[in-house]
Amino acid sequence: MTMSESERWLLVDSIAGQVISVGEYRQKIGDVLGELTIKPLTGIPVAFAVLYAFWSVFGSFAGSLFTDGFFVKFFDNYFLPWIQSAWPDPASIHYFLFVGDPLATNSFEAFGVLTSGLFVAIGVVLPAVFIFYLMMSLLEDSGYLPRLAVLVDTVLHKIGLHGYAIVPTILGLGCNVPAVTATRILETKKQRFMMMTLIAIFIPCGAQLGIMMEVLPESVGYVMLFLITGYFVFGYILSKIVPGENPEILIDVPPYHMPQWSNLSKKLIVRTKGFLFNAVPFVLFGILLVNLLYLGGVIQWLSELLAPVFVTWFGVPKETAGALVAAFLRKDLAVAQLSNIAMTQYQMISSVVLISIYFPCVATFVVMLKEGWKELLAAVGVLFAVAFVYGGIIHAIGILLGLA
Amino acid sequence: MSDTKYKLYTVYFGVIGILATLLGLADILVQLGISGGIESGIMQISGDDFFRWAWGGLVVLFGGILILSGCRDIKDMHQFSKVLLGSVMVWIIAGCDIFAMICESIPAPADAPGFLNSFAGFTGGFAPPYAPAVILLPFTFAALLMYYTEGYAKED
């Protein structure tokens with residue numbers, strides 16, 4: 001059957017009349033609040049408040065309540081003395097691998113698979129990851145995250161990205177693995193490559209943050225300052241040298257709404273389960289491998305080989321080489337390992353920044369490989385160059401300030 | 001009568017806004033080392049934690065400024081929204097302080113044998129002195145009262 005043009009328009013009118021209802025829009029207070037959180041003058045202070053709450057709750061829940069309140073006591077006062085006395089033959093290799101130092105008085109310094117490994121994975125990282133994902137899901141489900149994307153759009157445009165790049169960036173603060181996957185929300189190859197590289201270099205994961213708060217609680221701010229500065233400076237440089245486009249986007253901002261507990265709990269379970277299955281084996285295996293490398297003399301050999309670079313260029317003790325080897329397996333484990341090396345506060349800050357920027361952990365590495373081997377090779381090239389240059393700059397800043 | 005009610009709200013939130021601004025500023029100044037710390041009655045600004053006093057103080061300061069900018073002509077929904085948002089910012093800081101008190105009070109002290117604190121130890125964790133945001137908290141609930149009595153809650 002063929003319809004004339006006028007008949008088609010009549011049909012369009014008839015369908016439109018049935019499905020479209022026209023009413024008067026009346027602004028509600030929720031709409032006004034939504035607008036206020038997007039306008040820079042009022043939105044930026046609100047963003048300050050939200051991020052304050054994010055990190056304050058993170059520190060209180062993971063640090064004060066679970067790690068310091070329960071797990072430190074459990075592992076140091078009960079589990080460590082028990083396993084040190086129950087495991088046979090303290091002079092044996094298996095004791096060194098699984099229990100670690102027989103004279104250690106805390107689980108951090110014992111460095112055995114079943115002492116430091118379980119303490120780091122369960123006592124420090126699990127509460128940190130749990131509360132991080134809870135807060136992240138709250139921001140997502142309440143509708144605040146798209147508003148944050150609008151707010152930071154102008155700033156992120158300066159480094160060739162757009163507002164939605166804040167999503168993988170914040171996700172990366174939980175775990176770099178889903179963050180690298182989330183870079184697919186960006187439009188062009190250039191943006192995806194830049195985002196993936198910046199995440200791998202400058203975004204410490206929740207596990208690493210948890211350990212940082214345990215190892216150097218008073219200096220986490222300085223580490224973050226170096227990382228945020230590096231994110232923007234090297235992001236700007238990358239946006240200038242990487243060929244490709246930075247297109248504009250339109251962001252759909254949903255109204256604020258109360259998050260539903262059923263959705264929150266589902267997200268929380270899936271993400272925390274993901275951590276338990278993916279990260280915990282790497283932590284345990286990481287300690288085992290580092291201990292084996294110590295036994296085989298590989299770490300000592302690496303320390304001697306890299307000593308000129310570490311001591312002269314980066315201004316950190318040569319023993320940091322061992323932690324950098326562990327960083328490829330798990331960065332949180334590497335930061336934990338630093339607590340056993342004698343160094344000044346500035347050297348500790350430099351070492352933690354170096355561990356963050358030098359190489360992605362093996363899980364992130366695998367996900368980056370899935371995004372394309374050419375991109376991975378380019379990202380690895382960039383991150384070695386950045387680690388070398390930025391590590392030297394941080395040392396130079398320390399010398400200028402009289403701290404290094 | 002109705003205009004008198006709004007004038008009262010204006011004066012009330014004007015005072016709260018000034019207090020929040022001054023106390024937020026005091027948080028930051030103490031952290032910057034201008035003073036070694038302020039303790040007055042049940043209020044304390046110790047300034048020994050950059051994150052809590054500089055960043056948190058900045059949020060209280062912004063909250064106070066928002067409340068001040070919205071308290072004039074508060075009958076207007078746009079103006080009231082600023083008061084409400086400023087109050088929410090004070091709630092965030094106070095809420096985080098209270099949450100920190102709860103988290104620190106649940107476990108037993110490090111040298112105690114058990115894992116959970118005693119009831120007396122738990123309640124003792126909430127004893128004064130308090131940070132300025134916690135003291136401001138009950139007074140900013142007036143914004144919530146206005147939100148419900150003016151019918152904004154029904155519309156939302």
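Let's start in chain B of this predicted model, where the end C-alpha atoms of residues 53-71 sit 26 Å apart and the span is 100% helix, with 0% strand. According to UniProt (an unreviewed entry), that stretch is a "transmembrane region", and so are residues 12-33, 83-110 and 130-148 of chain B. Here are two of those stretches:

| Span in chain B | End C-alpha distance | Helix | Strand |
|---|---|---|---|
| Residues 53-71 | 26 Å | 100% | 0% |
| Residues 83-110 | 43 Å | 82% | 0% |

Now hop over to chain A and find helix α19, residues 373-400. How far apart should its ends be? At 1.5 Å a residue, its 28 residues should span 40 Å, and the end C-alpha atoms are indeed 40 Å apart, so the two values agree. Plenty of α19(A) is tucked away: its buried residues include Leu376(A), Val380(A), Ala387(A), Gly391(A), Ile394(A) and His395(A). After the helix comes Gly402(A), with a positive phi near 75 degrees.

Next, look at who α19(A) packs against. Two packed helices are described by the angle between their axes and the distance between the axes. For α19(A) and helix α10 of chain A (residues 189-202), the angle is about 45 degrees and the axes are 10 Å apart. That angle is why α10(A) counts as oblique to α19(A). The crossing is right-handed.

Which residues do the touching? On the α10(A) side, they include Phe193(A), Met196(A) and Phe202(A), while the α19(A) side brings in Ala379(A), Leu383(A), Val386(A) and Tyr390(A), among others. Those four from α19(A) are also buried.

Key: Residues numbered from 1 in each chain as written. Chains lettered and ligands numbered in written order. Predicted model: local features only at pLDDT ≥ 70, side-chain atom pairs only at ≥ 80, totals over all residues. Heavy atoms only, no water. UniProt positions renumbered as here; feature names shortened; annotations may be inferred. Helix = DSSP H or I, 4+ residues; strand = E, 2+ residues; numbered from the N terminus. Expected span 1.5 Å × (residues − 1). Buried < 20%, exposed > 50% of the residue type's maximum accessible area, 1.4 Å probe, protein only. Axes fitted to C-alpha atoms, helices over the stretch in contact; angles between N-to-C directions. Parallel < 35°, antiparallel > 145°, perpendicular 65-115°, else oblique. Left-handed = near helix turned anticlockwise from the far one by under 90°. Contact = heavy atoms within 4.5 Å.
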